[in-house]
Amino acid sequence: MIRRFLIGLAVLFGLNAFLFTSMAFADGNSVYTDTDLKKCSLHSQAEEGEGEWATFICRGYAGQKVFVSEADLRFSLGYGRNGLNQKSFSQRLSPFNTVGKKMEWRLRHGRPIATILRYYTETGSGGRKGQILVVTKLEGSEACHMAYIDALANKGANEIAQNAADRLVDGFSCETDSPVHVGKRGVSPF
């Protein structure tokens with residue numbers, strides 16, 4: 001009898017722990033996916049005489065497609081079925097850049113509201129190098145850059161980016177607003 005009671009408590013505690021973990025995971029938390037182009041599939045690339053560009057498809061949160069494009073040594077991303085037509089797909093940082101191999105997805109109620117991706121920037125051949133965290137808002141079928149954080153100028157840059165994503169997402173419009181700089185600036189080329 002006592003043994004059944006203890007087993008019942010263990011099962012109940014385990015279920016409560018699972019429910020608590022699921023609820024905690026629902027808001028203001030993150031999941032991570034790969035943006036390592038070696039793990040992504042080629043979607044399209046330049047034909048001879050078109051210059052150098054390529055677009056890859058990576059697997060995002062919950063299997064969502066993430067289009068990663070490189071053209072003129074600068075990257076841009078689009079999300080989901082409409083990814084190639086989103087504002088974010090045409091937004092590129094000015095300096096030459098590459099993207100990090102992991103993307104952070106900020107969640108609210110289990111749904112992605114924003115992504116955070118580290119861009120490695122450079123001013124040119126042997127020039128100044130830096131890192132910019134780009135916070136992208138996911139708004140229905142639209143996506144756009146919402147905030148930029150100089151990762152080298154700001155201690156705790158990842159937390160700053162997470163807070164910016166969570167704080168700015170509700171009042172930011174992809175249609176009318178421009179991305180904002182959050183924190184200190186000036187160390188990384190931008």
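Which strands each supply at least two residues of the lining of the largest pocket? Keep that in mind while you load the model, which is a predicted one.

**Stop 1: the pocket**

Start by selecting Gln64, Arg111, Pro112, Leu138 and Gly140, the lining residues that lie nearest the centre of the largest pocket. The full lining runs to 15 residues, and the space inside comes to about 270 Å³.

Now colour S7, S8 and strand S9 (142–150), and you have your answer: each of these supplies at least two residues of the pocket lining. S7 has the largest share, with three residues. If you colour the lining by class, you'll get five nonpolar, six polar and four charged residues.

**Stop 2: the cavity**

Next, go looking for enclosed space. Rolling a probe the size of a water molecule over the atoms shows where empty space is left. At 30 Å³ or more, there is one cavity in this structure, and its volume is about 50 Å³.

Select Ser76, Leu77, Tyr79, Ser88, Leu117, Tyr119, Val134, Thr136 and His145 to show what lines that cavity. Strand S5 (74–79), strand S7 (111–122) and strand S8 (129–139) are the elements that give two or more residues here. S5 gives the most, with three.

Try the class colouring on this lining too: five residues are nonpolar, four are polar and none is charged.

**Stop 3: both together**

Finally, show S7 and S8 on their own. Each supplies at least two residues to the pocket lining, and each gives two or more to the cavity lining as well.

Definitions and conventions: Residues numbered from 1 in each chain as written. Predicted model: local features only at pLDDT ≥ 70, side-chain atom pairs only at ≥ 80, totals over all residues. Heavy atoms only, no water. 1 Å grid on protein atoms, 1.4 Å probe; cavity = no way out; pocket = protein on both sides within 12 Å on 5 of 7 lines; lining within 4 Å. Points joined across faces, edges and corners; volume = space filled by probe spheres on them. Helix = DSSP H or I, 4+ residues; strand = E, 2+ residues; numbered from the N terminus. Nonpolar A, V, L, I, M, F, W, Y, C, P; charged D, E, K, R; others polar.
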